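Please look over the sequence and the model before reading on, and keep both in view. The briefing below starts with the whole protein and then moves to single residues, grouped by topic.

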Amino acid sequence: MDFEKIRNFLNEEDKFCKFCGIQLTVVGDGYAEAVLRVDENKLNGRNVVQGGAIMTLADFAFAGAVNGSGVTGVSLNCATNFIRPGTGRELKAVCRKVSQGKKTAVYVSEVTNEEGKLVATMNITGFIVDDKPIVQ
């Protein structure tokens, strides 16, 4: 499995994440890391990172992790828990596989700030679109 190829493909082809300044930094088998560079356009009215930006970061880490597992997968359902406000210059999401079958998968993304403090968790149920990798 060419994890670098998957990472590069998703970073280039996910136009929304590219627009938002979110990038996958690591893709592995059922594992991925993504970062969000925070600027004033990512903040809400309270001057903390907007919840949707945090959710997008966690979901993009899932995209890297599930597609890194050798299949083509997408999110089917997500449940997010916000623990503390997102602050600082960068947030990081780490996503890990919990379970994966032929058509569904369960993953967990954890978003942390620069101090390593937990900002949010997202439990993701994924749908396996194809049993082949997103890129060959």
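The accessible surface of this protein, in what is a predicted model, comes to about 7200 Å², and 51% of that surface belongs to carbon and sulfur atoms. Turning from the surface to the interior, buried residues make up 43% of the 136 residues in the protein.

**Overall build**

- The protein contains three helices and six strands, and a reader who follows the sequence from its start meets them in the pattern α-α-β-β-α-β-β-β-β.
- A compact globule of 136 residues would have a radius of gyration near 14 Å, and because the protein has 14 Å, the two values agree.
- Measuring along the principal axes, one finds that the C-alpha trace spans about 45 × 25 × 20 Å.
- Of the contacts between residues at least 6 apart in sequence, 65% join residues that are at least 24 apart.

**Charges**

- The protein carries 16 positive and 16 negative side chains, and the centres of these two sets lie 3 Å apart.

**Cysteines**

- A disulfide is a covalent bond between the sulfur atoms of two cysteines.
- How many disulfides does the structure hold? The structure holds zero disulfides.
- C20 is in no disulfide, because a disulfide needs two cysteine sulfur atoms within 2.5 Å, and the nearest cysteine sulfur to that of C20, which belongs to C17, is 6.3 Å away.
- C95 is likewise in no disulfide, and here the nearest cysteine sulfur, that of C78, is 9.6 Å away.
- Both residues are covered by the protein: C20 is buried with a relative accessible area of 13%, and C95 is buried with a relative accessible area of 0%.

**Strand 1 and the loop that follows**

- L24 is found in strand 1, and with a relative accessible area of 1% it counts as buried, because buried means under 20%.
- Although L24 and L10 are 14 residues apart in sequence, their C-alpha atoms are 7.8 Å apart in space.
- Beyond the neighbours within four places in sequence, L24 is in contact with R7, L10, N11, A32, E33, A34, F60, A61 and G64.
- G30 sits in the loop between strand 1, which covers residues 22-28, and strand 2, and is buried with a relative accessible area of 5%.
- G30 and G64 are separated by 34 residues in sequence, yet from C-alpha to C-alpha they are 8.0 Å apart.
- When residues up to four places away are not counted, G30 touches A65, G68, S69, C95, R96, K97 and Y107, so that one of its partners, C95, is the buried cysteine described above.

**The loop between strand 2 and helix 3**

- Is N47 buried or exposed? N47 is exposed, because its relative accessible area is 59% and exposed means over 50%.
- N47 belongs to the loop between strand 2, residues 31-37, and helix 3, residues 51-68.
- Most residues other than glycine have a negative phi.
- N47, however, has a positive phi of about 65 degrees although it is not a glycine.
- N44 is also placed in the loop between strand 2 and helix 3, where it counts as partly exposed at 27% relative accessibility.
- Leaving aside neighbours within four places in sequence, N44 is in contact with V49 and Q50.

**Strand 6 and the segment after it**

- T121 lies in strand 6, which runs over residues 118-130, and is buried with a relative accessible area of 15%.
- Which residues does T121 contact, leaving aside its neighbours within four places in sequence? The contacts of T121 are A79, T80, N81, S109 and E110.
- V135 lies in the segment after strand 6, and at 17% relative accessibility V135 counts as buried.
- V135 and F3 are 132 residues apart along the chain, while their C-alpha atoms are separated by 9.8 Å.
- Not counting residues up to four places away in sequence, V135 touches K5, I6 and F9.

Technical notes. Residues numbered from 1 in each chain as written. Predicted model: local features only at pLDDT ≥ 70, side-chain atom pairs only at ≥ 80, totals over all residues. Heavy atoms only, no water. Helix = DSSP H or I, 4+ residues; strand = E, 2+ residues; numbered from the N terminus. Rg over C-alpha atoms; globule rule 2.2 N^0.38 Å. Buried < 20%, exposed > 50% of the residue type's maximum accessible area, 1.4 Å probe, protein only. Contact = heavy atoms within 4.5 Å. Areas by Shrake-Rupley, 256 points an atom, 1.4 Å probe, with all protein chains shown as cover. Lys, Arg positive; Asp, Glu negative; His and termini not counted. Charge placed at Lys NZ, Arg CZ, Asp CG, Glu CD.
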